[in-house]
Amino acid sequence: MSPLTAVIDLDLPGPRISRHVYGHFAEHLGRCIYGGFFVGDSDDIPNEGGIRLDVVDALRALQIPNLRWPGGCFADDYHWRDGVGPRESRPRMVNSHWGDVVEDNSFGTHEFLQLCELLGAAPYINGNVGSGTVRETSEWVEYLTRGDDSPMAALRREHGRDEPWSVPFFGIGNEPWGCGGNMTAAQYTHLARQYATYIRDHGETAVTRIAAGANVDDYLWTETLMQALSGLGGTDRRDLFQALSLHYYTYNGSWSDKGDATEFGTDDHYVTMKRALRMRELLSGHAAVMDAYDPERTVGLVVDEWGTWWNVEQGTNPGFLYQQNAMRDALVASVHFDIFHGFAERITMANIAQTVNVLQAVILTDPDSGALVLTPTYHVFAMNVGHHDADRLPLTFKGTVPTLSVEGTDVPLVSASASTKGDTALVSLSNLDADENRTIVLDLRGRDVVGHSATLLNAPTLQSHNTPEHPDAVAPVEHTGVRSHPGGLAVDLPAHSYVTVSLHLR
């Protein structure tokens with residue numbers, strides 16, 4: 001099989017890939033918060049203020065830029081005053097969306113922001129539009145970010161925090177087209193304008209207000225929101241909100257039977273890849289709508305829920321959405337990041353759903369042994385740290401990219417992207433072929449390459465995954481399959497593998 005050539009112009013840096021594309025999401029769902037991030041007064045697991053420190057250490061290694069909380073669907077049932085003050089005095093609530101369990105509110109605003117400080121991550125807080133009030137949201141922002149003796153700042157001090165926090169991102173509700181209120185686009189847009197007016201900047205804190213955007217391919221929803229900011233040739237109201245969101249999940253079955261995380265066949269893998277790659281189509285469509293109203297691209301697109309969604313693991317609470325994470329999930333992550341890089345002009349943030357123990361988690365914690373497991377998806381995040389705040393590089397394939405017909409669509413079997421920062425560059429390469437090894441020749445132009453190194457993520461099968469008993473069944477290793485080639489560098493890509501190549505430039 002002749003190698004495929006990828007031409008990379010190292011001297012033509014393009015738009016910056018925001019580090020916030022590598023963001024995360026923590027909802028009060030299953031064991032994401034309780035038993036994941038937060039263990040309370042446990043004597044068995046090292047913690048600080050109840051926050052699990054091995055989880056913090058693992059995420060700090062990824063340099064996670066932001067964390068979204070408290071939901072998700074939970075956000076529009078959450079009333080922030082129930083989660084502040086002495087823990088023993090906080091009222092309980094029913095988490096009706098996720099398992100119909102009773103929530104004791106022991107993890108609230110102060111605990112979340114302590115977690116963000118430990119992580120070195122920017123807080124992205126999602127407000128309650130579905131069952132909340134404008135006043136409630138306005139007072140929460142004041143409580144969080146105001147530094148003088150205002151009523152909410154004084155209340156924060158009563159609860160033990162003197163200085164305000166920096167909260168740069170605030171979501172105006174979540175999925176109002178569904179669990180956040182079953183609203184129409186026009187109904188929600190009216191509320192978004194109202195709520196955004198009262199999400200005020202206090203002191204030196206400038207809040208990016210993120211309107212709850214479309215589900216999958218609802219382009220009318222996006223257009224309705226954009227019209228609220230500026231009609232074609234109309235009044236500019238981009239001071240109301242500065243970004244809007246998009247949600248899209250990948251699975252290979254139907255909504256009621258999404259498929260299994262580890263028990264699947266090759267055909268299921270290719271359907272999964274096809275659906276993951278649909279993200280490019282969706283971003284193209286929503287970006288086109290936004291461009292019509294905002295050609296300068298000042299309004300950000302935030303993909304604050306993405307990832308794989310499989311049937312829950314047998315024997316677990318179906319409302320807790322606990323699933324394993326295999327080599328296939330790593331490839332879903334790698335192609336998403338390539339796509340996000342390709343829309344760096346418009347995408348300002350993305351948040352995988354979710355960080356710990358839920359959906360496409362980067363970390364799993366074992367409830368019996370207390371063991372922490374890093375998933376294959378975790379390793380993709382780790383291998384991509386070099387793309388954070390780097391400038392996208394043009395990457396063009398010479399010749400025909402191999403494809404496979406899946407459900408009537410030609411699915412490319414290779415995905416790639418590249419970026420540069422200073423005297424370095426990082427190239428990401430995914431071989432989506434379940435069985436065939438491939439070689440990619442990197443035709444590197446415009447700058448001298450004076451050194452290189454490479455990392456390989458691969459496993460015996462697409463179904464391979466990590467467990468407490470076998471935590472490194474899927475783990476990155478130094479890749480020795482990179483060598484000089486008359487055209488540049490030849491990179492071997494084993495079947496179903498992910499490779500990053502770090503370049504040292506002059």
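In the predicted model, Leu457 of strand β24 lies opposite Tyr498 of strand β28. These two strands, β24 (residues 449-457) and β28 (residues 497-505), are paired in the antiparallel sense, and eight bridges connect them. Strand β24 also pairs with β25 (residues 477-478), again antiparallel, through two bridges. Within this second pairing, Leu456 has Val477 of β25 as its bridge partner. Strands of a sheet are held in such pairs by backbone hydrogen bonds, in either a parallel or an antiparallel arrangement.

An open sheet is formed by five strands in the order β18-β1-β23-β27-β26, and its pairing is mixed. The edges are occupied by β18 (395-398) and β26 (482-485); each has a single partner strand, so one side of each remains without a neighbour in the sheet. On average, and with direction ignored, neighbouring strands of this open sheet are turned by 30 degrees against each other. At one end of the order, β26 pairs with β27 (residues 488-493) in the antiparallel sense over four bridges. His485 is positioned opposite Gly488 of β27.

A further sheet is closed. Eight strands form a barrel in the order β3-β6-β9-β10-β11-β12-β13-β14, with parallel pairing. In the barrel, the average turn between neighbouring strands is 30 degrees, direction ignored. One of its pairings joins β9 (residues 122-126) to β10 (residues 169-172), which run parallel and share three bridges. In this pairing, Tyr124 faces Phe169 of β10 as its opposite residue.

Helices pack against the strands of the barrel. Helix α3 (residues 134-145) lies across β6 (66-69), β9 and β10, and runs at about 170 degrees to β10. Helix α8 likewise packs on the sheet, where it touches β12, β13 (300-308) and β14 (347-352). The direction of α8 makes about 165 degrees with that of β13.

Helix α8 is also in contact with another helix. Two packed helices are described by the angle between their axes and by the distance between those axes. For α8 (residues 327-342) and α9 (residues 376-383), the axes come within 7 Å and cross at roughly 30 degrees. The crossing of α8 and α9 is right-handed. On the α8 side, the contact is made by Met327, Asp329, Ala330, Ala333, Ser334 and Phe337, which meet Pro376, Thr377, Val380 and Phe381 of α9. By class, the residues in this contact comprise seven nonpolar, two polar and one charged.

The largest pocket of the model has a volume of about 370 Å³. Its lining consists of 22 residues, among which Glu175, Asn215, Tyr249, Trp255 and Trp309 lie nearest the centre. Two or more lining residues are given by each of two elements, β12 (243-250) and α7 (266-293). The largest share, three residues, is contributed by β12, a strand that also belongs to the barrel and is touched by α8. Classified by residue type, the lining of the largest pocket contains 13 nonpolar, four polar and five charged residues.

Note on methods: Residues are numbered from 1 along each chain as its sequence is written. This is a predicted model: local features need pLDDT of at least 70, side-chain atom pairs count only at pLDDT 80 or more; totals for chains, interfaces and linings use all residues. Side-chain values use heavy atoms; hydrogens and water are left out. On a 1 Å grid over the protein atoms alone, a cavity is a set of points where a 1.4 Å probe fits but cannot get out, and a pocket is an open set with protein on both sides within 12 Å along at least five of seven lines; lining residues have an atom within 4 Å of a point. Grid points are joined across faces, edges and corners, and a volume is the space filled by probe spheres set on the points. Ala, Val, Leu, Ile, Met, Phe, Trp, Tyr, Cys and Pro count as nonpolar, Asp, Glu, Lys and Arg as charged, and the others, Gly among them, as polar. Axes are lines fitted to C-alpha atoms, for helices over the stretch in contact, and angles run from 0 to 180 degrees between N-to-C directions. A crossing is left-handed if the near helix is turned anticlockwise from the far one by less than a right angle, and right-handed if clockwise. Contact means heavy atoms within 4.5 Å. Two strands pair if DSSP finds at least two bridges between them.
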